[in-house]
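Work through the exercises below with the structure open beside you. Try each task before you read its solution.

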Amino acid sequence: MAVSVFCRRTAESAIFRASALVFLGAAGSTGHVPFSLPLATIAAFYLAAAIGLRRSNWIGAAKSGWFFGFGYFAGTLSWIVEPFLVDFGKNGWMAPFAIIFTAGGFALFWASAFGFARRFGAGVPARALLLIAGITGIEFLRSELFSGFPWGLVGYIWSETPVIQASAFCGPYAMVAFTVLASVLPLATRRAWAGALASFAGVFALWVFGQARMDSVESVVEARPQVRVVQPNVPQRLKWKLSRREEFFGRLLDLTREGGEPHPDLIVWPETAATFLVRSERGRFSRIAEAANGAIVALGIRRMVGKLDFNSMIALDKNGLAFAVYDKYRLVPFGEYFPLGNYLSWLGAKGLATREGHGFTSGPGPELLDLRTAGSYLPLICYEAIFPRGMRTEDRPDALLQITNDGWFGRFSGPQQHLAQARLRSIEQGLPLVRSANTGISAIVDSYGRIVASLGLGETGFFDAPLPARLPPTVYSKYGDWPWLAALLAFAVAISRTKRNSVN
């Protein structure tokens, strides 16, 4: 009864409809951490689809999708204002524009999916099925176009449940399709209750499957490298102050030299932990090696080659010599580089982590770091870990190694969502993850995405743990997204042909 009244009100009032859809989108965003309410997302998506797919034309459906998407992305990406508040006097004016334009821009993707479903679906059931393909395809495009930003994929609402284990076989975009299917199935069946029951059965089946997969873990008896993860907890607003740099460097050294048994084989510092350039280290590498007492140290640092500036990870041996280097290749738009920065700097627009009108230079791409006795790692710097694609290298690593500075992301949803998405890369690839974050959350994650050791937000310290074992290559790591995307495309073509046949 309440649902029918709600739908009638949305049909009668454009203002009520727009407000209701924005509210539903915001409610749907609570499926993500830190709230982790996937059923809220399912319910919100169902109601939004019930409203949008019943609009009289595809333009109306697209508008409904935009309002719903705006609320969803505004809620999911609310942390995006935090980087602009680090230096409020200089960048604070951009904060409201950042959330409005980001949420509004991403909402255009969902608007196109709703419009597509309404335009090519013959009746609400067919439109609901087309919405599954539409949202999945458009989320893939959102992850790829304009350098891509696959943060907050709707399939990630399962990250804190056993359901997410299915991504080891099908990947994140198939999880998007499953989530939308579970939401709209009551609209795609003659009897809504039957569709709702089928949705519940599907979620329950994947839940049981995921739990069984994690319960099937076999004990590992071989010796594993011992890893120390350092979390210095340096506030971003103080990090680059000349008067504090030696203090913060000393903190890193103290955390590195702390005793512990067994002694670590690898010590990991976070992104740009070193606030000096590689070429101006002036004996600091030797001090790091001395504190590490024979362990290899992987750390984040800026590296200049001529006039090119790189956000890098380097590895130091026991003598303080850099024997391996990785340059970040996925750079953060408006953070590590500003599109058209040389032309727009006169407006006061500049990257948050770079010099005015300039930015970092992209590295060549994914490559392994061979850290000798500590194992081989696929390095990821900051938000490179949110990209499901780009994890393949010629040789399979022992683990993923992420260094990040989540001090930019505030103390609430941003760091928690970033960690959740990094954990999903472990599930998809069947590889453990070592993660060092400046202000948290630092963690070691096993190949099932479970945290085995961690330091919380705002904590200063370190932890030691053996590197978890990797699993055999997963189905997703072998075949990627294309089989599932091709199947969805064929599904969408088949459903859309029903409308053409009904017209003929």
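The exercises that follow treat a predicted model.

**Exercise 1. Find the edge strands of the open sheet with the order β5-β4-β3-β2-β1-β12.**

Solution.
- Start with the sheet: six strands, with mixed pairing.
- Look for strands that pair on one side only: these are β5 (322–327) and β12 (461–466).
- Now check the twist. Neighbouring strands of this sheet are turned against each other by 30° on average, direction ignored.

**Exercise 2. State how strands β1 and β12 run, and how many bridges join them.**

Solution.
- Locate β1 at residues 226–231.
- Count the bridges to β12: there are six, and the two strands run antiparallel.
- Pick one bridge as a check: Val 230 has Phe 462 of β12 as its partner.
- Stay with Phe 462. The charged end of Arg 228 sits over its ring, 4.0 Å from the ring centre.

**Exercise 3. Name the strands that helices α12 and α13 lie across.**

Solution.
- Take α12, residues 245–257: this helix lies across β1, β2 (266–268) and β12. Its direction is at about 155° to β1.
- Take α13, residues 284–292: this helix lies across β2, β3 (296–305) and β4 (308–316). Its direction is at about 170° to β3.
- Look at Arg 284. Its charged end sits over the ring of Phe 276, 4.6 Å from the centre.

**Exercise 4. Classify the ring pair of Phe 140 and Tyr 173 as stacked, tilted or edge-to-face.**

Solution.
- Recall the cut-offs: ring centres must lie within 6.5 Å, and planes over 60 degrees apart count as edge-to-face.
- Apply them. The centres of Phe 140 and Tyr 173 are 5.3 Å apart and the planes stand at 80°, so the pair is edge-to-face.
- Place the residues in the chain. Phe 140 is in helix α8 (residues 124–144) and Tyr 173 in helix α9 (residues 167–188), 33 residues apart.
- Test for burial, which means under 20% relative accessible area. Phe 140 has 10%, so Phe 140 is buried. Tyr 173 has 2%, so Tyr 173 is buried too.
- Try a second pair, Phe 249 and Trp 269. The centres are 6.3 Å apart and the planes are at 75°: edge-to-face.
- Place this pair as well: Phe 249 is in α12, and Trp 269 is in the loop between β2 and α13, 20 residues apart. Both residues are buried.

**Exercise 5. Decide whether Thr 161 is buried or exposed, and find what its side chain reaches.**

Solution.
- Find Thr 161 in the loop between α8 and α9.
- Read its relative accessibility: the value is 11%, so Thr 161 counts as buried.
- Follow the side chain. The side chain of Thr 161 reaches the backbone oxygen of Trp 158 at 2.9 Å.

**Exercise 6. Explain why β6 and β11 are edge strands.**

Solution.
- Write the order of this open sheet: β6-β7-β8-β9-β10-β11, six strands with mixed pairing.
- Look at the ends. β6 (369–370) and β11 (451–455) each have a single partner strand, so one side of each has no neighbour in the sheet.
- Move to β8 (residues 399–404) and β9 (residues 433–437): they pair in the parallel sense over five bridges.
- Check one bridge: Leu 400 is partnered by Leu 433 in β9.
- Add the helix. α15 (residues 413–429) packs on the sheet and touches β8, β9, β10 (442–445) and β11. Its direction makes about 160° with that of β9.

Conventions
Residues numbered from 1 in each chain as written. Predicted model: local features only at pLDDT ≥ 70, side-chain atom pairs only at ≥ 80, totals over all residues. Heavy atoms only, no water. Pairing = 2+ DSSP bridges. Helix = DSSP H or I, 4+ residues; strand = E, 2+ residues; numbered from the N terminus. Axes fitted to C-alpha atoms, helices over the stretch in contact; angles between N-to-C directions. Contact = heavy atoms within 4.5 Å. Phe/Tyr/Trp six-rings, centres within 6.5 Å; stacked < 30°, edge-to-face > 60°. Buried < 20%, exposed > 50% of the residue type's maximum accessible area, 1.4 Å probe, protein only. Lys NZ or Arg CZ within 6 Å of the ring centre and 35° of its normal. Polar contact = N/O pair within 3.5 Å; in protein donor to acceptor, adjacent residues only side chain to side chain.
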